[in-house]
Each structure stands twice: as structure tokens, then as C-alpha cells.
Amino acid sequence: MKPLDHVDEANKVILGNYRIVELVDKEKIWSINIPEEHRKVESAPLIRINDVMNKPYDFSSDRPLNYVWIVYVNIWSVELETINEIGMLMDKSFEENDWTVADGDPIGPDADMEELYIYGRVYRKIKQV
């Protein structure tokens, strides 16, 4: 497994939902970091997928049978309705691809971009090797 396989797979899950891509231009779905020039109200809505964990799990003869994959996904938008819709679509898409919602943050104003709301979800998957 490569270090960011789980982030790449999460990106595919999001891009695989046509309605999410209608709401958020695929050029505004970022892995790990959103470039500074895109961190502004005019760029919203935005999605960022962060690496949390990609770690061997369950072993046999000192070899992993599975990996634990965990990603943290943030959504930014000016409108609460947009965040709510994207969040529900993401939960459904991740669930359909064998991920579970492990945790999350409430929707609230972003401390850095005060005009935007931010929402965070943590998704977890046990990936068989």
C-alpha cells in the first residue's frame, strides 16, 4: 500500500457522485492542502480530504491482512443548505463504498474564512490486502 492510497480512494468516492460534482466543481476538491489562492469566499464551495491513518491491521505470519484507512473531509460553503446536501451525499457515497462515518464536527463558521461555514466528517474503512 502506498501512503496516500486511502486519500486517493476517498477522492474517487466523492468524484463518483455526480450530484456532489454538480455542487462542487471537481477542480475545487483537494487532497491534503487547498492552495492559498483558492482559500477565499469566491472559490466556495470547497472540499478537502485529509490523511488521518493508513495503518496495517490484523496480521498473519507477520504480514498485514487488512489496513485501517481513515480520512477527514471538510466542506466549506457560504450556504448552510449546500453543506447539508453535500454532507448527506458524501455519507451515502462513502457508505456505498464500504466506509463508515467514524466522527465529525458540527457545521459552524470557519475561524479563518469568516464568511464561510465549515463542516467536517471522519470516514473509516478496513481495507483487505
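**A tour from Glu36 to the sheet**

Begin by selecting Glu36, which counts as exposed at 57% relative accessibility, and keep in mind along the way that this is a predicted model. Now add Arg39 to the selection: its side chain meets that of Glu36 in a salt bridge, with 3.2 Å from N to O, and Arg39 itself counts as partly exposed at 34% relative accessibility.

This pair is one stop among several, since the structure holds seven salt bridges. For another, select helix α2, residues 18–23, where Arg19 and Glu22 lie three residues apart, about one turn of the helix. The closest N and O atoms of their salt bridge are 3.0 Å apart; Glu22 is exposed at 53%, whereas Arg19, with a relative accessible area of 27%, is partly exposed.

Move next to helix α3, residues 80–96, and pick out Lys92 and Glu96, which stand four residues apart and are thus separated by about one helical turn. They form a salt bridge whose closest N and O atoms are 2.6 Å apart, and both residues are exposed.

Finally, show the strands, five of which form an open sheet of mixed pairing in the order β1-β2-β3-β5-β4. The edges are taken by β1 (29–31) and β4 (100–109), and because each has a single partner strand, one side of each is left without a neighbour in the sheet. At the β1 edge, three bridges join β1 to β2 (residues 46–60), and these two strands run parallel, with Ile29 standing opposite Ile47 in β2. Then select helix α1 (residues 5–15), which packs on the sheet and touches β1, β2, β3 and β5.

Definitions and conventions:
Residues numbered from 1 in each chain as written. Predicted model: local features only at pLDDT ≥ 70, side-chain atom pairs only at ≥ 80, totals over all residues. Heavy atoms only, no water. Pairing = 2+ DSSP bridges. Contact = heavy atoms within 4.5 Å. Axes fitted to C-alpha atoms, helices over the stretch in contact; angles between N-to-C directions. Salt bridge = Lys/Arg side-chain N within 4 Å of Asp/Glu carboxyl O. Buried < 20%, exposed > 50% of the residue type's maximum accessible area, 1.4 Å probe, protein only.
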